[in-house]
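Welcome! Please take a look at the sequence and the structure below, and then read on for a short guided tour.

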Amino acid sequence: MKEQDEAYLWQRIKKEVGVNGKGGKKPRQIINEPSFPINHKRAWHLLYKWSGLGWYDYETTVDLGWVTPKGDGIQFQQIFYKSIQNECLQRPRRESFDQAAERRISLFRKETSTHFVLFP
């Protein structure tokens with residue numbers, strides 16, 4: 001579910017907010033939509049996380065920011081790869097990276113196929 005949240009929010013932020021805020025919408029508008037599927041505190045956490053990585057920036061309030069030029073080149077697959085790599089480092093010798101990746105990808109596909117399309 002974590003990867004699904006990240007994928008959904010990152011896709012919406014990149015598309016609707018855009019690099020340097022040129023998309024016309026603010027993350028706050030996206031997060032406050034009645035049909036938004038992610039808890040607003042989780043969304044804020046993800047924005048803080050991406051800000052720390054240099055992919056997202058803001059001035060006063062985290063939910064009034066924009067995607068940075070560095071973040072524009074980031075695809076969700078890179079985020080997903082990092083999470084699998086971290087999981088393997090936390091559980092050494094249990095399963096190989098390839099086994100962990102296959103397991104997570106199959107779970108991810110199963111979850112996302114019933115909820116929303118990630119990359120139309």
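## Checking the length of a helix

Let's begin with helix H3, which covers residues 40–52. This is a predicted model, and a little arithmetic lets us check the helix. H3 has 13 residues, and at 1.5 Å a residue they should span 18 Å. The C-alpha atoms at the two ends are 19 Å apart, which agrees with that expectation.

## Two sides of H3

Which residues of H3 are buried? They are Ala-43, Leu-46, Leu-47 and Trp-50. If you look down the axis of H3, these buried residues fall within an arc of 100°, so they line one face of the helix. Now turn to the face that points away from the buried side: here you will find the exposed residues Lys-41 and Gly-52.

## The ends of H3

At the N-terminal end, Asn-39 acts as a cap for H3. One of its side-chain oxygens lies 2.7 Å from the backbone nitrogen of Lys-41. Beyond the other end, H3 is followed by Gly-54, which has a positive phi, near 85°.

## Glu-16 and its partners

Next, let's visit another helix. Glu-16 sits in H1, which spans residues 2–17. With which side chains does the side chain of Glu-16 make polar contacts? One is that of Arg-12, at 2.6 Å, and another is that of Lys-25, at 3.1 Å.

Leaving aside residues up to four places away in sequence, Glu-16 touches Gly-23, Gly-24, Lys-25 and Ile-30. Lys-25 thus appears both in this group and as a polar partner of Glu-16.

Methods
Residues numbered from 1 in each chain as written. Predicted model: local features only at pLDDT ≥ 70, side-chain atom pairs only at ≥ 80, totals over all residues. Heavy atoms only, no water. Helix = DSSP H or I, 4+ residues; strand = E, 2+ residues; numbered from the N terminus. Polar contact = N/O pair within 3.5 Å; in protein donor to acceptor, adjacent residues only side chain to side chain. Contact = heavy atoms within 4.5 Å. Expected span 1.5 Å × (residues − 1). Buried < 20%, exposed > 50% of the residue type's maximum accessible area, 1.4 Å probe, protein only. Arc of directions from axis to C-beta.
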